[in-house]
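Trainee: Got a minute? I'd like to go through this model with you.
Mentor: Sure, put it on the screen and we'll talk it over.

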Amino acid sequence: MPSVSVDTDGTVSMRGSSNVKFLINGKPSALLGIDDGANALQSIPADQIEKIEVITNPSSKFEASGTAGILNIILKKSKKTGFNGSVIGTLRVPSPNKPEC
C-alpha cells in the first residue's frame, strides 16, 4: 500500500506517522498492545494471515484520535479435520446371587 511503510527495524508507519493501531480480526489484541509492535507482528506466522485491511480514516468507533490509521490483520479460520460425536451405552453385569434366565 502506498500509505503504509515498514523500515529496516520493522517499525510500521502509515502516512509518515508510526502511531498506528493494530487489530486482529477487528478486535484489539494484548499481543499487539506491547511497546515493541515490530516484535509482536513477527510472532504471527505469515501462513496464518488471510488479509490485512488498511483503514486510513477510522471512525470514532475505533477511538482513532491521535492515530495515523488502523491495520486490521484478518487471520485464517482454523479448519479441524476429523469427526466429532459421542457414544452412550449400558453394561449389565450379572449378579452372582441370581441365576440367568
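Mentor: One term before we begin: accessible areas here come from the Shrake-Rupley method with a 1.4 Å probe. Keep in mind that this is a predicted model.

Trainee: Okay. How much area does the protein expose, and what share do carbon and sulfur atoms supply?
Mentor: About 8,200 Å² is exposed, and 52% of that is supplied by carbon and sulfur atoms.

Trainee: And what percentage of the residues count as buried?
Mentor: The figure is 23% of the 101 residues.

Trainee: What's the pattern along the sequence?
Mentor: It reads β-β-β-α-β-β, with one helix and five strands in the protein.

Trainee: Which strands form the open sheet, and in what order?
Mentor: Three of them, ordered S3-S5-S4, with mixed pairing. S3 and S4 are the edge strands, since each one pairs on one side only. On average, neighbouring strands in this sheet are turned by 20° against each other, ignoring direction.

Trainee: Mixed how? In which sense does S3 pair with S5, parallel or antiparallel?
Mentor: Parallel, over five bridges, with S3 covering residues 20–24. Lysine 21 sits opposite isoleucine 70 of S5, and leucine 23 sits opposite asparagine 72.

Trainee: And S4 with S5, parallel or antiparallel?
Mentor: Antiparallel there: S4, residues 49–55, is joined to S5 over six bridges. In that pairing asparagine 72 turns up again, as the bridge partner of glutamate 53.

Trainee: Is S5 mostly covered or mostly open, then, and how many of its residues are buried?
Mentor: Mostly covered: S5 runs over residues 69–75, and six of those seven are buried.

Trainee: Let's stay with asparagine 72. Why does it count as buried?
Mentor: Asparagine 72 counts as buried because its relative accessibility is 6%, and the cut-off for buried is under 20%.

Trainee: What does its side chain reach?
Mentor: The asparagine 72 side chain reaches the backbone nitrogen of glycine 26 at 2.8 Å. It also reaches the backbone nitrogen of asparagine 25, at 3.5 Å.

Trainee: Which residues does asparagine 72 touch, leaving out those up to four places away in sequence?
Mentor: Leu23, Ile24, Asn25 and Gly26, plus Lys51, Ile52 and Glu53.

Trainee: What about isoleucine 74, buried or exposed?
Mentor: Buried, because its relative accessibility is 16%. Isoleucine 74 is in S5 too. Beyond four places in sequence, the residues isoleucine 74 touches include Asn25, Gln48 and Ile49. From glutamine 48 to isoleucine 74 it is 26 residues in sequence, and 8.8 Å in space between C-alpha atoms.

Trainee: Speaking of long range, what share of contacts between residues at least 6 apart join residues at least 24 apart?
Mentor: That comes to 56% in this protein.

Trainee: New topic: which residues make up the largest nonpolar core?
Mentor: Six of them: Val12, Met14, Val20, Phe22, Ala68 and Leu71. Strand S2, residues 12–14, and S3 are the elements that give two or more residues to this core. As background, nonpolar side chains in soluble globular proteins tend to be buried together.

Trainee: And methionine 14, what does it touch further along the chain?
Mentor: Not counting residues up to four places away, methionine 14 touches Val20, Ala68 and Leu71, among others. Also among its contacts are Ser3, Val4, Val54, Ile55 and Gly69.

Technical notes:
Residues numbered from 1 in each chain as written. Predicted model: local features only at pLDDT ≥ 70, side-chain atom pairs only at ≥ 80, totals over all residues. Heavy atoms only, no water. Buried < 20%, exposed > 50% of the residue type's maximum accessible area, 1.4 Å probe, protein only. Helix = DSSP H or I, 4+ residues; strand = E, 2+ residues; numbered from the N terminus. Pairing = 2+ DSSP bridges. Contact = heavy atoms within 4.5 Å. Axes fitted to C-alpha atoms, helices over the stretch in contact; angles between N-to-C directions. Core = buried A, V, L, I, M, F, W, Y, C linked by side-chain atoms within 4.5 Å. Polar contact = N/O pair within 3.5 Å; in protein donor to acceptor, adjacent residues only side chain to side chain.
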